[in-house]
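Hi,

Here is the structure I promised to send over. Have a look at it first, and then read on for my notes.

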Amino acid sequence: MSNQIIKVVLVEDDHDDIYLFKNEFSKAFGALAELVECHSLSELFTIDVNEVDIIMLDLGLPDSNGLNTVVNVVNRFSDIPVVILTGVNSIELGEQAIQLGVEDYIPKDELTQSLLQRSIRFSIERHALLNKVKNMANIDTLTLLYNRTYFLDRLHQQCELSLRNKDEFGVIMIDLDGFKAVNDTYGHHAGDQVLEQFSSRLNRLTRRTDILARFGGDEFVMIVAPLLNAEGCEQVASAKLECTKDPFLIFHEGKVEQVEIGMSIGYAMYPSDNDSANGLLSCADKAMYVVKGSGKNGYRSFSSL
């Protein structure tokens, strides 16, 4: 990690604290790190976090305060380590934040070059290790995507989070068209090869903030969050059709074969279509089966049924 550029997001609204942080940050990392500033929680939720390595978070923001800030950020960005910056005499608050999922806390009056460098590097490495261990039980071994159990858990969490924040998110259901024919013609080993390749393509087209899982068989599901409106979910759904644009390669009886499959996609929005995890899945599933019954290889929203 020593030669890797680290991208750090600082969420802080106090100009004096920003100045002090940037000064120590520059001394700690120099050109080996990039710093992005956000001055509110809502501003943090608008940035592209695909390349972010760590979030440094002040708990007293214009639009959020205290442990509510921790819960919102940790739930929204579960794949990114979070270190909080606390005020004077806030050791208890820092320890409570760790219980809620942050990696570390730094009292602002103790902020130094060495402490900042140690905390950031430790937090990134620890978070990666914990995710690796945790994901062993959460990963589908064939596709290396999240499994059904993990997805359902995250979907329930997202419903609770969006209820609290009064925002929207989408659930997308994907089913492969023509996959049964591949299994029947070439065997299940060939079908597994297709699933592996399809999952890899799908994962490349998925944002870091979204949750992608294999739901079972040739069925896949996604949580698309955060979203400003339903049009955002439609754009995500339509982009996924690229995954089956090119044929898939399988190795069968000593030679390489090409097979073509399509995909049917249905999606539903929280809370306008449904406000429960099971209800959203049911709505997305109904929309997906409408696509299957009307020509396949397309997408449809539940609200358009």
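Start with strands β8 (residues 168-177) and β10 (residues 219-227): they run antiparallel and are joined by seven bridges. If you want one pair to find on screen, take I172, whose bridge partner in β10 is M222. Bear in mind that this is a predicted model.

Both strands belong to an open sheet of five, in the order β9-β10-β8-β13-β14 and with mixed pairing. The edges are taken by β9 (211-216) and β14 (298-301), and each has a single partner strand, so one side of each has no neighbour in the sheet. From one strand to the next, the twist averages 20°.

Helix α6 (residues 148-165) packs on this sheet, where it touches β8, β9, β10 and β13 (262-270). The direction of α6 makes about 135° with that of β9.

Now for β9 itself. Is this edge strand largely enclosed or not, given its place in the sheet? Five of its six residues are buried, so β9 is largely enclosed by the rest of the structure. Its pairing with β10 is antiparallel, over five bridges, and R214 has F220 as its bridge partner in β10. The two strands form a hairpin with two residues between them. Look at G217 in that turn: its phi is positive, at about 55°.

Next comes helix α9 (residues 230-239). Its buried residues are G232, C233, V236 and A237. Why do they line one face of the helix? Seen down the axis of α9, they fall within an arc of 135°, and so they share one face. The general background is that an α-helix has 3.6 residues a turn, so residues three or four places apart point the same way. The buried residues of α9 pack against β8, β10, β13 and β14. At the start of α9 there is also a polar contact to look at: a side-chain oxygen of N229 comes to within 3.2 Å of the backbone nitrogen of E231.

Last, back to α6, which also packs with helix α10 (residues 277-292). Their axes are 9 Å apart and the angle is about 110°; the two helices are therefore roughly perpendicular to each other. On the α6 side, the residues that meet α10 are F151, L152, L155, H156 and C159. Their counterparts in α10 are A277, L280 and L281.

Cheers

Methods:
Residues are numbered from 1 along each chain as its sequence is written. This is a predicted model: local features need pLDDT of at least 70, side-chain atom pairs count only at pLDDT 80 or more; totals for chains, interfaces and linings use all residues. Side-chain values use heavy atoms; hydrogens and water are left out. Two strands pair if DSSP finds at least two bridges between them. Helices (H or I, at least four residues) and strands (E, at least two) are DSSP runs, numbered from the N terminus. Axes are lines fitted to C-alpha atoms, for helices over the stretch in contact, and angles run from 0 to 180 degrees between N-to-C directions. Contact means heavy atoms within 4.5 Å. Buried means under 20% relative accessible area, exposed over 50%, partly exposed in between (1.4 Å probe, protein chains only). The arc is that of the directions from the helix axis to the C-beta atoms. A polar contact is a pair of N or O atoms within 3.5 Å; within protein, one must be able to donate a hydrogen and the other to accept it, and residues adjacent in sequence count only if both atoms are side-chain atoms. Angles under 35 degrees count as roughly parallel, over 145 as roughly antiparallel, 65 to 115 as roughly perpendicular and the rest as oblique.
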